[in-house]
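I wanted a quick look at where the ligand sits and what else in the protein has room. My notes are below, in the order I looked things up.

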Amino acid sequence: MGSLKDKTVLIIGGSSGIGLRVAELARAEQAHLIIVGRDEQRLSEASHELAWSGQRVDARRCDAHDHDQLAALFADLPPLDHVVSMVGDVMGGGFLNAEMAVIRHVMESKFFTNVRIGQLAAHKLKEGGSLTFTSGTGGRAQHACASYVGNLGINALVEGLAAELAPRVRVNAVSPTWTLTPFWRNVPAEQVAATKAHFETSIPLGRLASVDELAATYLFLMKNGFITGQHVAVDGGIMLG
Ligand SMILES: NC(=O)c1ccc[n+]([C@@H]2O[C@H](COP(=O)([O-])OP(=O)(O)OC[C@H]3O[C@@H](n4cnc5c(N)ncnc54)[C@H](OP(=O)(O)O)[C@@H]3O)[C@@H](O)[C@H]2O)c1
């Protein structure tokens with residue numbers, strides 16, 4: 001297994017939740033971190049938390065949904081060893097009653113933005129580097145239609161890019177199912193509690209993932225040099241039922 005010591009790791013979405021934990025684990029291995037997010041306060045709190053032994057964290061403000069901002073961000077970055085994307089908005093509900101604007105937004109966020117990240121990252125990644133996206137499992141098409149299609153899109157993107165970038169760069173994705181993170185910060189507490197209870201009973205392993213179990217999978221995929229084109233579900237077996 002490779003090491004992250006002195007490697008440059010870009011985490012788009014490294015200021016909160018799973019991405020922040022990926023950043024903490026990479027920092028513990030002495031990686032040089034570049035974290036990206038939209039919210040200035042979250043970015044500043046995360047970089048303060050991640051600063052270690054006099055080493056500052058490079059925090060960049062960018063809305064990845066704005067592809068001009070994304071291109072400007074990548075143009076200004078140094079060569080990279082590993083890139084992680086945590087970008088991907090979600091929705092609930094089936095196809096019949098979903099608003100087209102919501103379906104379009106989720107596809108734009110989950111699929112097209114990550115395609116653009118893949119295109120831009122391909123030019124910055126060094127030989128032996130990796131690119132890890134975030135997909136998802138748990139929701140059926142009739143329960144979360146655009147999220148479901150967006151996840152299928154990411155899984156196809158991973159396979160295509162992995163073939164196009166081999167042998168220079170590896171490309172994979174991690175698929176979480178519903179997990180308690182700040183992602184749900186704007187959802188009423190009672191609704192979050194009800195969803196948590198629902199997933200605890202429908203996940204065959206009988207509980208939610210810890211953020212550590214998810215974040216450790218990104219590090220595994222960065223460091224294992226013989227895995228490419230895979231989407232790894234860390235979901236307690238939720239799709240088995
Ligand atoms: N938590 C779950 O239940 C769950 C389940 C399945 C899949 N996922 C996926 O896992 C990923 C991370 O989720 P999380 O739970 O860790 O959420 P989180 O705590 O909200 O973290 C998301 C991170 O991504 C950044 N981000 C989001 N959109 C961005 C954009 N357009 N441009 C730049 N940065 C952006 C956020 O920063 P700013 O908000 O400041 O921009 C934040 O740093 C998401 O793609 C989500 O769909 C989560």
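These entries cover the ligand site and then a pocket.

**Entry 1, the model.** I'm working from a predicted model here.

**Entry 2, who surrounds the ligand.** I pulled up the shell and got 29 residues around the ligand. Ser16, Arg38, Met86, Gly88 and Thr181 come closest. By type, I have eleven nonpolar, 13 polar and five charged residues in that shell.

**Entry 3, polar contacts.** Next I checked side chains against the ligand's N and O atoms. The side chain of Asp63 puts an N or O atom 3.0 Å from a nitrogen of the ligand. Arg42 has a polar side-chain atom 3.1 Å from a ligand oxygen. For Arg185, I read 3.5 Å between a side-chain N or O atom and an oxygen of the ligand. On its own the ligand has 880 Å² of accessible area, and the protein covers 95% of that.

**Entry 4, the second largest pocket.** How much space lies in the second largest pocket? I got about 150 Å³. Its lining includes Gly136, Thr137, Gly138 and Gly139, along with Ser175. Tyr148, Asn151, Leu152 and Asn155 are also on the list, as are His231, Ala233 and Met239.

**Entry 5, what supplies that lining.** Helix H5 (145-165) and strand E7 (231-234) each give at least two lining residues. H5 has the largest share, with four.

**Entry 6, character of that lining.** I counted eight polar and four nonpolar residues in the lining of the second largest pocket, and no charged ones. The ligand shell, for the record, has five charged residues.

How values were computed:
Residues numbered from 1 in each chain as written. Predicted model: local features only at pLDDT ≥ 70, side-chain atom pairs only at ≥ 80, totals over all residues. Heavy atoms only, no water. Near = heavy atom within 4 Å. Polar contact = N/O pair within 3.5 Å; in protein donor to acceptor, adjacent residues only side chain to side chain. Areas by Shrake-Rupley, 256 points an atom, 1.4 Å probe, with all protein chains shown as cover. Nonpolar A, V, L, I, M, F, W, Y, C, P; charged D, E, K, R; others polar. 1 Å grid on protein atoms, 1.4 Å probe; cavity = no way out; pocket = protein on both sides within 12 Å on 5 of 7 lines; lining within 4 Å. Points joined across faces, edges and corners; volume = space filled by probe spheres on them.
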